[in-house]
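Work through the exercises below with the model open. It is a predicted model. Each task is followed by its solution.

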Amino acid sequence: MLSAEIAAETVIDALRNGRFGSETFAVYENRWRGLLGRNLALGSLFRRLFGRMMDGDIDRLFRILQREIHGGRLTEKVSFDWHHDLIFFLLRHPTIVRLLLRSYWKPRPEAQG
């Protein structure tokens, strides 16, 4: 929705100014990347890391997150649309960082065959 809003604003500006060159539409690219790029990059990185985790490590991660939720430390960091606060919170948790690093360096189960 945010990128659609930026696209609409860019098209409106192009129509108002009668400019339809690539430099006009580069504004769209720059604006959405500035707004969403960091979250998309972090989300993609963490999706790959979580995808490499073994079942036992995932179970351990969820137990840690349950404790953090019950302790009230995690709830304020969770947002459906914006992931960076949650990711930075996770990166400050030593046990979670160890789990992620271990999953990164371990060979994937399908590669062990």
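**Exercise 1.** Classify Glu9 by accessibility, then find its salt-bridge partner.

*Solution.*
- Glu9 has 30% relative accessibility. Buried requires under 20% and exposed over 50%, so Glu9 is partly exposed.
- The side chain of Glu9 meets that of Arg31 in a salt bridge, 2.8 Å from N to O.
- Glu9 sits in helix α1 (residues 2–17) and Arg31 in helix α2, so the bridge ties together parts 22 residues apart in sequence.
- Arg31 is partly exposed too, at 36% relative accessible area.

**Exercise 2.** How many salt bridges does the whole structure hold? Describe those not yet covered.

*Solution.*
- The search finds 3.
- Arg33 pairs with Glu29 at 2.5 Å, N to O. These residues are 4 apart in helix α2, about one helical turn.
- Arg102 pairs with Asp57, with the closest N and O atoms 2.8 Å apart. Arg102 belongs to helix α5 (residues 94–105) and Asp57 to helix α3, so this pair links parts 45 residues apart in sequence.
- Arg102 is partly exposed at 34%. Asp57 is buried at 8%.

**Exercise 3.** Which residues form the positive surface patch, and which helix gives the most to it?

*Solution.*
- The patch gathers Arg60, Arg63, Arg67 and Arg98.
- Helix α3 (residues 55–70) gives the most, with 3 residues.
- Arg63 lies in that helix. Its relative accessible area is 45%, partly exposed.

**Exercise 4.** Which residues make the nonpolar surface patch?

*Solution.*
- Val11, Leu15, Phe20 and Phe25 make a patch of about 390 Å².
- Phe25 is in helix α2 (residues 22–51). Phe25 is partly exposed, at 34%.

Note on methods:
Residues are numbered from 1 along each chain as its sequence is written. This is a predicted model: local features need pLDDT of at least 70, side-chain atom pairs count only at pLDDT 80 or more; totals for chains, interfaces and linings use all residues. Side-chain values use heavy atoms; hydrogens and water are left out. Patches are made of residues with over 30% relative accessible area and no salt bridge: like charges are joined within 9 Å, nonpolar side chains (Val, Leu, Ile, Met, Phe, Trp, Tyr) within 5 Å. Accessible areas come from the Shrake-Rupley method with a 1.4 Å probe; for residues, only the protein chains shown count as cover. A salt bridge is a side-chain nitrogen of Lys or Arg within 4 Å of a carboxyl oxygen of Asp or Glu. Helices (H or I, at least four residues) and strands (E, at least two) are DSSP runs, numbered from the N terminus. Buried means under 20% relative accessible area, exposed over 50%, partly exposed in between (1.4 Å probe, protein chains only). Lys and Arg count as positive and Asp and Glu as negative; His and the chain ends are not counted. The place of a charge is taken as NZ of Lys, CZ of Arg, CG of Asp or CD of Glu.
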